Amino acid sequence: MLNYTKLARKPEQFLRFTGMTVTQFDFLTKKIQKQYKITEKKRLSARKRIRDIGAGRPFKLSVRDRILMLLIYYRCYTSYDLLEYLFGVDSSTVCRDIVKIEPTVKQCIPIPAKLYTYSKKINDVTQLQEFFPDLIVITDGTEQPIPRPKNKKKRKTHYSGKKKRHTVKNQITINLKGEIIHKPPHSPGRRNDYAIFKIKHPKLSKDLMIFYDLGYLGVEKDFTKQISILPYKKKKGKELTVHQKEWNKIQSKIRIKVEHAISKIKKFRISTDTFRNKLCRYDGISDIVCGIINFKIKWKQEFVVIP
């Protein structure tokens with residue numbers, strides 16, 4: 001039977017299975033364990049109970065092993081049946097344990113909503129430059145396949161002409177550190193990136209420069225109050241000038257940061273493979289994945305000392 005003690009003996013496998021080092025996992029687990037009692041009490045108090053809080057069927061796994069199971073599920077996106085075999089509990093227990101530990105994990109990691117709220121409160125230019133190096137923000141979109149919807153209307157709205165299958169789209173905004181500071185709720189795969197941006201764009205400081213790719217053409221005209229920077233588009237029958245090509249290269253070196261952030265998200269296979277869970281859980285799961293990435297970035301900044 002798999003548990004933290006066994007897996008922690010092999011740090012390389014621990015990193016592959018969970019996406020975290022043992023040290024990072026231990027630090028986060030201590031934080032979650034402190035918050036867990038408060039979150040669990042709040043959850044149990046939300047409904048009318050006949051018995052006192054604490055009575056009833058206890059969890060078979062410890063909080064630490066349940067966090068481990070959640071990370072393995074997100075990272076490998078295996079079935080509940082395999083996790084049942086690995087952790088020695090029923091598949092229904094696996095599902096219940098993951099769903100009930102998610103709210104506590106969400107509160108203990110820097111999910112995009114927390115960073116976005118903090119960025120809107122910044123009034124000082126010095127703090128703004130610390131949070132947004134070089135006063136640069138980068139926005140891009142990504143999509144993930146879903147099973148073919150049973151509803152005829154959803155089959156039309158979620159069909160992506162680009163991927164030739166049914167998908168959902170996510171839009172993320174990052175700073176130059178790679179932190180995901182904004183991620184609105186998912187959108188149907190039929191919508192293009194700019195259509196999503198017009199509805200769910202971040203409201204950031206006017207002093208920031210926001211970089212886009214050519215999928216956001218028109219943003220300069222529609223959002224005149226913000227500093228929008230796009231690459232030059234090659235016109236039919238014409239070539240770009242040397243100056244325009246150099247400018248596009250400079251921009252691509254900056255925009256590659258958002259591609260790196262998307263690749264980190266997609267290392268968690270729950271954000272890459274066909275999403276098998278209900279779509280009502282999609283945003284909560286993707287928030288946690290983005291929060292884990294932000295946690296690892298902050299960990300490097302705060303705890304890793306470069307000689």
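# Cysteines, cores and hollow spaces

1. Let's start with the cysteines. The sulfur of Cys290 lies 17 Å from the closest cysteine sulfur, the one in Cys108, so the gap is too far for a bond. Please keep in mind that this is a predicted model. Seen from the other side, the closest cysteine sulfur to that of Cys108 is in Cys290, again 17 Å away and too far for a bond. A disulfide would need the two sulfur atoms within 2.5 Å. The search of the whole structure fits with this, as it finds 0 disulfides.

2. Are these cysteines buried or exposed? Cys290 has a relative accessible area of 2% and is therefore buried. Cys108 is buried as well, at 5%. The cut-off for buried is under 20%.

3. Next, the nonpolar interior. The largest nonpolar core holds 60 residues, and Leu68, Tyr74, Leu83, Phe87, Ile138, Ile172 and Ile270 have the most contacts inside it. Helix 13, residues 282-303, provides the largest share of this core, with 10 residues. There is also a second, separate core of 19 residues, with Phe132, Val137, Ile181 and Tyr212 among them.

4. Leu68 is a good place to zoom in. Leaving aside residues up to four places away in sequence, Leu68 touches Asn3, Tyr4, Leu7, Phe14, Thr18, Phe25 and Phe87.

5. Now for the open space. The largest pocket has a volume of about 500 Å³. Its lining counts 20 residues, and Glu40, Arg43, Leu44, Ala55 and Arg57 are the closest to the pocket centre. Two elements give two or more residues to this lining, helix 3 (22-45) and helix 6 (91-108). Of the elements, helix 3 gives the most, with 6 residues. Sorted by class, the lining has 11 charged, 7 nonpolar and 2 polar residues.

6. Which residues does Thr104 touch, beyond those up to four places away in sequence? They are Ile32, Gln35, Tyr36 and Thr39. Thr104 itself sits in helix 6. Its relative accessibility is 0%, so Thr104 counts as buried.

7. How many cavities of 30 Å³ or more does the whole structure have? The search finds 2. The largest cavity encloses about 100 Å³ of space. Of its 13 lining residues, Thr142, Asn170, Ile265, Ser271 and Tyr282 are the closest to the centre. At least two lining residues each come from strand 1 (136-145), strand 3 (165-175), helix 12 (242-266) and helix 13. The lining of this largest cavity has 5 nonpolar, 5 polar and 3 charged residues.

8. The second largest cavity has a volume of about 30 Å³. Gly141, Lys169, Asn170, Gln171, Asp193, Ile196 and Tyr216 line this space. Strand 3 and helix 10 (193-200) each supply at least two of these lining residues, and strand 3 gives the most, with 3. By class, the second largest cavity is lined by 3 polar, 2 nonpolar and 2 charged residues.

9. Finally, a residue from the surface. Glu12 belongs to helix 2, residues 11-18. Its relative accessible area is 58%, and therefore Glu12 is exposed; the cut-off for exposed is over 50%. If you would like a distance to check on screen, the C-alpha atoms of Glu12 and Asn123 are separated by 43 Å, with the two residues 111 apart along the chain.

Terms used. Residues numbered from 1 in each chain as written. Predicted model: local features only at pLDDT ≥ 70, side-chain atom pairs only at ≥ 80, totals over all residues. Heavy atoms only, no water. Core = buried A, V, L, I, M, F, W, Y, C linked by side-chain atoms within 4.5 Å. Buried < 20%, exposed > 50% of the residue type's maximum accessible area, 1.4 Å probe, protein only. Helix = DSSP H or I, 4+ residues; strand = E, 2+ residues; numbered from the N terminus. Contact = heavy atoms within 4.5 Å. 1 Å grid on protein atoms, 1.4 Å probe; cavity = no way out; pocket = protein on both sides within 12 Å on 5 of 7 lines; lining within 4 Å. Points joined across faces, edges and corners; volume = space filled by probe spheres on them. Nonpolar A, V, L, I, M, F, W, Y, C, P; charged D, E, K, R; others polar.
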